[in-house]
Amino acid sequence: MPLATPDIAYLKTLIAEKSGNVISTNQDYLLESRLSPVAKTAGLPNVERLVAELRRRPTGALHDQVAEAMTINETSFFRDMQPFDALRTVILPELIKKRSGAKSLSIWSGASSSGQEAYSIAMTIRDSFNELAAWNVRIQATDLSDEMVKRTTDGTYSQFEVNRGLPAPLLIKHFERHGTQWQARAELRRMIDARRMNLASAWPTLASFDVVFLRNVLIYFDQPSKERILTRVHKVLRPDGYLFLGGGETLITLNVPFVREPVGKTVCFRPVTV
Ligand SMILES: C[S@@+](CC[C@H](N)C(=O)[O-])C[C@H]1O[C@@H](n2cnc3c(N)ncnc32)[C@H](O)[C@@H]1O
């Protein structure tokens with residue numbers, strides 16, 4: 001039996017409150033398919049009973065699991081490639097000159113999913129910038145989902161996942177094989193600090209970043225949430241820093257303090273003074 005309209009409305013409100021993600025009407029079918037496993041794990045026969053249980057309890061872990069189950073974790077190594085080329089050919093050479101005094105660089109992969117983006121950044125740094133070995137280089141990866149954070153820290157990927165975007169020479173150089181899985185070598189894993197962070201709720205104290213990757217996540221939020229998140233990104237991005245959004249994402253309709261700027265063969269967003 002399909003979910004009743006009040007149950008659908010309840011779930012959408014819960015998801016919006018917990019993660020800021022907006023589920024549109026044409027995605028209603030996903031509620032049933034994504035939440036059935038959550039119901040089963042909680043020992044409940046179906047999503048209808050899951051909703052009854054959620055309504056009965058004060059908000060807690062089960063509510064978080066529902067919100068996390070509705071996120072899209074699609075990602076891949078060197079996704080869209082050009083931002084990583086721009087990092088290698090333009091941004092890092094420039095920042096290395098500018099930060100040569102402090103010898104410190106900080107990059108944030110926000111909404112990092114299972115970590116392929118953070119590892120792509122780490123490989124770009126290790127393979128092209130020997131001089132940074134003596135610097136304090138920090139790659140902060142954050143995601144809403146505890147499971148994604150754990151996967152990022154662990155740095156272990158299936159053959160299917162490494163086949164998506166990771167060139168064979170980089171796989172051999174930076175990963176070691178454990179049976180059917182590939183784990184990033186310790187020196188790469190040490191460069192990445194992964195932690196849970198909900199972009200839609202109160203943020204923890206974050207250090208300033210030189211580069212922020214916030215790709216393919218704003219699409220899940222409504223306009224006021226996008227503006228709130230980007231205004232906060234502006235506060236943690238250094239005035240001469242760089243912001244990357246996903247290939248199809250734009251700021252055109254948003255009132256946020258960033259300007260679009262070509263970099264290499266792609267575009268990024270630069271903070272403007274407010
Ligand atoms: C489509 S993936 C994008 C991954 C990566 N940035 C990329 O472009 O390949 C979207 C990620 O956003 C995360 N996400 C969704 N809502 C979030 C929120 N409120 N706070 C933090 N992360 C969120 C999801 O858990 C998911 O891993």
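These legends walk through five close-up views of a predicted model.

**View 1. Two domains and the contact between them.**
Let's start with the overall layout: the domain assignment splits the protein into domain 1 (5-69) and domain 2 (82-271). Their C-alpha centres are 30 Å apart. Where the two meet, domain 1 supplies five residues and domain 2 supplies nine residues. On the domain 1 side of this contact, the classes are one nonpolar, three polar and one charged.

**View 2. The ligand and its shell.**
Where does the ligand lie relative to domain 1 and domain 2? Both domain 1 (5-69) and domain 2 (82-271) give residues to the shell around the ligand, so the ligand lies between them. There are 25 residues around the ligand, and the nearest are T75, A111, S113, L144 and N216. If you sort the shell by class, you will find eight nonpolar, twelve polar and five charged residues.

**View 3. Helix α1 against helix α4.**
Here we turn to helix packing, starting with helix α1 (residues 5-19) and helix α4 (residues 61-69). Two packed helices are described by the angle between their axes and the distance between the axes. For α1 and α4, the axes come within 9 Å and cross at roughly 90 degrees. That angle makes α1 roughly perpendicular to α4. To trace the contact yourself, look for L11, L14, I15, K18 and S19 on α1, which meet H63, D64, V66 and A67 on α4. By class, this contact of α1 with α4 holds five nonpolar, two polar and two charged residues.

**View 4. Helix α2 against helix α4.**
Helix α4 appears again here, now with helix α2 (residues 28-41) as its partner. The two pack at an angle of about 145 degrees, and their axes are 9 Å apart. The crossing of α2 past α4 is right-handed. Which residues of α2 meet α4? On the α2 side they are R34, L35 and V38, and they meet Q65, V66 and A69 in α4. Sorted by class, the contact of α2 with α4 comprises four nonpolar residues, one polar and one charged. Val66 of α4 is worth finding in both views, as V66 is listed in the contact with α1 and in the contact with α2.

**View 5. Helix α2 against helix α3.**
The last view pairs α2 with helix α3 (residues 47-56). Their axes are 9 Å apart, and the packing angle is about 70 degrees. This makes α2 roughly perpendicular to α3. The handedness of this crossing is left-handed. On α2, the residues L31, E32, L35, S36, V38 and A39 meet V47, R49 and L50 of α3. The contact of α2 with α3 has, by class, six nonpolar, one polar and two charged residues. L35 and V38 of α2 take part here and also meet α4.

Methods:
Residues are numbered from 1 along each chain as its sequence is written. This is a predicted model: local features need pLDDT of at least 70, side-chain atom pairs count only at pLDDT 80 or more; totals for chains, interfaces and linings use all residues. Axes are lines fitted to C-alpha atoms, for helices over the stretch in contact, and angles run from 0 to 180 degrees between N-to-C directions. Helices (H or I, at least four residues) and strands (E, at least two) are DSSP runs, numbered from the N terminus. Angles under 35 degrees count as roughly parallel, over 145 as roughly antiparallel, 65 to 115 as roughly perpendicular and the rest as oblique. Two residues are in contact if their C-beta atoms, placed from the backbone, lie within 7 Å. Ala, Val, Leu, Ile, Met, Phe, Trp, Tyr, Cys and Pro count as nonpolar, Asp, Glu, Lys and Arg as charged, and the others, Gly among them, as polar. A residue is near a molecule or strand if its C-beta atom, placed from the backbone, lies within 6 Å of it. Domain bounds come from an automatic or database domain assignment. A crossing is left-handed if the near helix is turned anticlockwise from the far one by less than a right angle, and right-handed if clockwise.
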